[in-house]
Structures are given as structure tokens and as C-alpha cells.
Amino acid sequence: MTTTEFLRYLQYEKRFSLYTIEAYRTDLLQFTTYLQNQYEIADPTLIQHIHIRSWAVSLMEQKSAASTIRRKLSTLKSYFRYLQREKIIPRSPMLQVSLPKLGKRLPAVVPEQNLAQLLDPIETPSDYLTMRDQVIIELLYLTGMRRAELLGLKVSDLNMHAQTIKVLGKGNKERLIPISHATATLLKQYLDLRTAAFSSTNETALLLTHQGKPAYPKLVYRIVNAYLSTVTTQEKRSPHVLRHSFATHLSDHGADLNAIKELLGHSSLAATQIYTHHSIERLKKIYQQAHPKSGAQ
């Protein structure tokens, strides 16, 4: 079904990250498997909107979240747009498919005082793995970078003198993220332990496993989940929660929305504006508690 060519297009022309491409591959495999099992269709020119809607209904019956279904349908939207561009199909069947509506859910955020417990260890870690885990937590929360961006960091991306980190974001766009003196010091200590642990390695990735190989997504997730479980009982404890917390806490302290947008690597303010909601709710509480005419007394 020309999915291989489409994935190559995403990798070499669109310059998507390998993690994003893998997500597209998984979605397309699930969809093509469903078509073959239910309709015995393998030719993309035979796919109609009713087949896509049928798949979406099956996902709903499996209790898939609306956000998950939207993402999978967005994958198909890109796929059929590619087929149309390549003159394989005259018209995208996705034009007659609506994406499920999402409820306005606020991003999960860990309170500042809770995260402070993770950022201020009693003593500086002296072994490589503990120090690496500490660096993962600090970089995700203190820079707001995505997990894929973190895993893409090379040692050469650190500029200790300028106290900046070069990050390769979505769409292969580079941005510089400032770090504090304390974070720069932590990174220097980490690099010393990394060198001592893997003195003969030529690996350029900043974060390594216990075997000296580049760190991978599930490892980072497990580390973040384990650390956050010590300071919060909330259900969501993923790396992205630290990104949400970073942006929300900046907004709470009055940071300019455009500055937060640049730090996060968002292409527009629309994606950044959700982080102002927590700040507004906080101001409402202060108003209700303090203003004589708020009706709270």
C-alpha cells in the first residue's frame, strides 16, 4: 500500500524524527491490518471514507481515547494527502471524515513545591546512573524540552560557556535554550562521570544506558515515572508532564507568553495559550479570597 514510500517521504523530505515516523508506521499498520481483515482491501485506490469511519468506530469500541483516535486519523490524513500528491488517488477519502471532538482538558502539572524535592537532592550523586537520572529530570523540567529532543541531544549541543543547549525540535528546527549556572554545573559533573564510566566510547549521544548505548524512549519514561511517583500521586507521570509543569510554572510567575512559546518550540501561540489557564485560575482564587466584593466572605 505504498506505506514504505510514504514513511521515506516523512523521513527524508519532511525530516520528521524517527520517533514520529515510528508512530505513523504503527498507525498505518493498524489501519491496513483492519482493512485486510474486515474488507480484504490492500489497494489504496479502493479505500473509501466508509472504511475509515468503520475503523474509527472500532477504535471507539475498544475504548480508545478521542485524542488517540484523532492522532490516528491525522496520520491517515497525511497519508492520503501524500497519495493524492503522487497521483495515486484523485481525491482524499478523509475529506468526508470528521475528527472526534476533544474535551477541554488541562495538561497535567506537578506543583512546584513537589518538584523542588526532586531538584534539590540531599547530596550530589556520585555514580553515573543516578547522576544521569537526575540530569534527565532537570533538563525536562528546567528547559521544557520534549522527550525526543532530550534523546536527540549530543554532547556537542552543550555550550557551558554561553550556558545554552542547542535542541533539534519538530520539523528539524533548531532552537537555543538557556540554562542556569546550577544546571551547567550539574551537566559538567555529569560529563565527568560519563567520561569515567565510558572512557573508551565514541558515542556522541549525551545520555547513555548502563551499557554505554544511547538512551531510548521507554527508559526515559520509566525514570521519570519512578521519580515523580515519589512526590505525587497523580495518574499521569510522563516526561511530557514535566514539560507542561515547566510552561505552567513560568506562566504562573508572569513570564511573557511569546517567550514561553519560543522556549517550548511551538510554531504558534495557540498551542502555548493553554498554559495561561492555570495562572488565571490562580488569580481567581486570590481574588475570591482577598477582594471584599468577591462574594467569598
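This is a short tour of a predicted model, with stops at a pair of helices, a buried residue and a sheet.

**Stop 1: two helices**

Select residues 128-143, which make up helix H6, and then residues 217-228, which make up helix H9. The axes of these two helices come within 10 Å and cross at roughly 85°. Angles of 65 to 115 degrees count as roughly perpendicular, and H6 and H9 are therefore roughly perpendicular to each other.

Next, show the side chains where the helices meet. On H6, select Thr130, Arg132, Asp133, Gln134, Ile136, Ile137 and Leu140. On H9, the residues to pick are Leu219, Val220, Ile223, Val224 and Tyr227. Coloured by type, the residues of this contact divide into eight nonpolar, two polar and two charged.

**Stop 2: Arg132**

Stay in helix H6 and centre the view on Arg132. Is Arg132 buried or exposed? Its relative accessible area is 6%; because buried means under 20%, Arg132 counts as buried. To see what Arg132 touches, leave out residues up to four places away in sequence and select Tyr190, Leu207, Leu208, Thr209, His210, Leu219 and Ile223.

**Stop 3: the sheet**

Now switch to a cartoon view and find the open sheet, where three strands lie in the order S1-S2-S3 with antiparallel pairing. Select S1 (158-159) and S3 (174-178), the strands at the edges. Each has a single partner strand, so one side of each is left without a neighbour in the sheet.

Then add strand S2, residues 164-168, which runs antiparallel to S1 and is joined to S1 by two bridges. For a closer view, select Asn159 and its bridge partner in S2, Thr164.

Definitions and conventions: Residues are numbered from 1 along each chain as its sequence is written. This is a predicted model: local features need pLDDT of at least 70, side-chain atom pairs count only at pLDDT 80 or more; totals for chains, interfaces and linings use all residues. Side-chain values use heavy atoms; hydrogens and water are left out. Axes are lines fitted to C-alpha atoms, for helices over the stretch in contact, and angles run from 0 to 180 degrees between N-to-C directions. Helices (H or I, at least four residues) and strands (E, at least two) are DSSP runs, numbered from the N terminus. Angles under 35 degrees count as roughly parallel, over 145 as roughly antiparallel, 65 to 115 as roughly perpendicular and the rest as oblique. Contact means heavy atoms within 4.5 Å. Ala, Val, Leu, Ile, Met, Phe, Trp, Tyr, Cys and Pro count as nonpolar, Asp, Glu, Lys and Arg as charged, and the others, Gly among them, as polar. Buried means under 20% relative accessible area, exposed over 50%, partly exposed in between (1.4 Å probe, protein chains only). Two strands pair if DSSP finds at least two bridges between them.
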